[in-house]
Amino acid sequence: MKLKRGYEGELLFDTFIEELPCDFLSLNDLWLTHHNKCFQIDNALLVNNIFYMYEVKNYPGVYYYEKDKLFLALY
């Protein structure tokens with residue numbers, strides 16, 4: 001179930017990226033190696049010569065950012 005939710009979150013993230021009003025290059029499920037260690041990036045995005053890396057999560061609940069921190073809204 002956790003893997004399914006994660007995959008659904010990545011698909012939703014892709015729909016957000018498709019709406020960007022500029023040219024971009026998007027690389028999904030990018031595998032890299034550094035110092036003989038492999039790691040995976042859910043989405044790498046190149047926009048205006050800037051490289052962004054995203055680790056996508058799809059946790060249930062309502063979240064918000066405040067002062068560069070992520071919080072779970074408790075209602």
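In this predicted model, six residues, Tyr-59, Tyr-63, Tyr-65, Leu-70, Leu-72 and Leu-74, together form a nonpolar patch on the surface, with an accessible area of about 730 Å² between them. Two strands contribute to the nonpolar patch with at least two residues each, namely strand 4 (63–66) and strand 5 (69–72). Leu-70, one of the patch residues, has its place in strand 5.

**Nonpolar core**

Turning from the surface to the interior, the largest nonpolar core consists of five residues, Phe-13, Ile-17, Leu-45, Val-47 and Val-56. Helix 1 and strand 2 (37–47) each provide at least two residues of this core. Leu-45, which is found in strand 2, counts as buried because its relative accessibility is 4%, a value under the 20% limit that defines the term. When its neighbours within four places in sequence are left aside, Leu-45 is in contact with Ile-17, Leu-20, Phe-24, Leu-25, Ser-26, Ile-50, Phe-51, Tyr-52 and Tyr-54. As for Glu-19, its C-alpha lies 13 Å in space from the C-alpha of Leu-45, with the two residues 26 residues apart in sequence.

Phe-13, another member of the core, is likewise classed as buried, with a relative accessible area of 18%. Leaving aside its neighbours within four places in sequence, Phe-13 is in contact with Asn-43, Tyr-54 and Val-56, and Val-56 is itself part of the core.

**Aromatic pairs**

How many aromatic pairs does the structure hold? There are three aromatic pairs. In one of them, the rings of Phe-13 and Tyr-54 have centres 5.0 Å apart and planes at 55 degrees, and the pair is therefore tilted. Because Phe-13 lies in helix 1 and Tyr-54 in strand 3 (residues 50–54), this pair ties together parts of the chain that are 41 residues apart in sequence. Tyr-54 also pairs with Tyr-52, the ring centres being 6.5 Å apart and the planes at 25 degrees, so that this pair counts as stacked. Through such ring pairs, Phe-13, Tyr-52 and Tyr-54 are linked into a cluster. Whereas Phe-13 is buried, Tyr-54 is partly exposed, with a relative accessible area of 30%, and Tyr-52 is also partly exposed, at 34%. Both tyrosines of the cluster appear among the contacts of Leu-45, while Phe-13 belongs to the nonpolar core.

**Salt bridges**

A search of the whole structure finds two salt bridges, and the table below sets them out.

| Salt bridge | Closest N to O distance |
|---|---|
| Lys-4 and Glu-8 | 2.7 Å |
| Glu-55 and Lys-57 | 3.2 Å |

Where do Lys-4 and Glu-8 lie? Both are in helix 1 (residues 2–18), and they stand four residues apart, which is about one turn of the helix. Glu-8 counts as partly exposed because its relative accessibility is 34%. In the salt bridge between Glu-55 and Lys-57, Glu-55 is partly exposed at 46% relative accessibility, and Lys-57 is partly exposed at 48%.

**Helix 1 in summary**

Several of these features involve helix 1: it contains Lys-4 and Glu-8, it carries Phe-13, whose ring pairs with that of Tyr-54 in strand 3, and it supplies at least two residues of the largest nonpolar core.

Key
Residues numbered from 1 in each chain as written. Predicted model: local features only at pLDDT ≥ 70, side-chain atom pairs only at ≥ 80, totals over all residues. Heavy atoms only, no water. Patch = residues over 30% accessible without salt bridge, like charges linked within 9 Å, V, L, I, M, F, W, Y side chains within 5 Å. Areas by Shrake-Rupley, 256 points an atom, 1.4 Å probe, with all protein chains shown as cover. Salt bridge = Lys/Arg side-chain N within 4 Å of Asp/Glu carboxyl O. Buried < 20%, exposed > 50% of the residue type's maximum accessible area, 1.4 Å probe, protein only. Phe/Tyr/Trp six-rings, centres within 6.5 Å; stacked < 30°, edge-to-face > 60°. Core = buried A, V, L, I, M, F, W, Y, C linked by side-chain atoms within 4.5 Å. Contact = heavy atoms within 4.5 Å.
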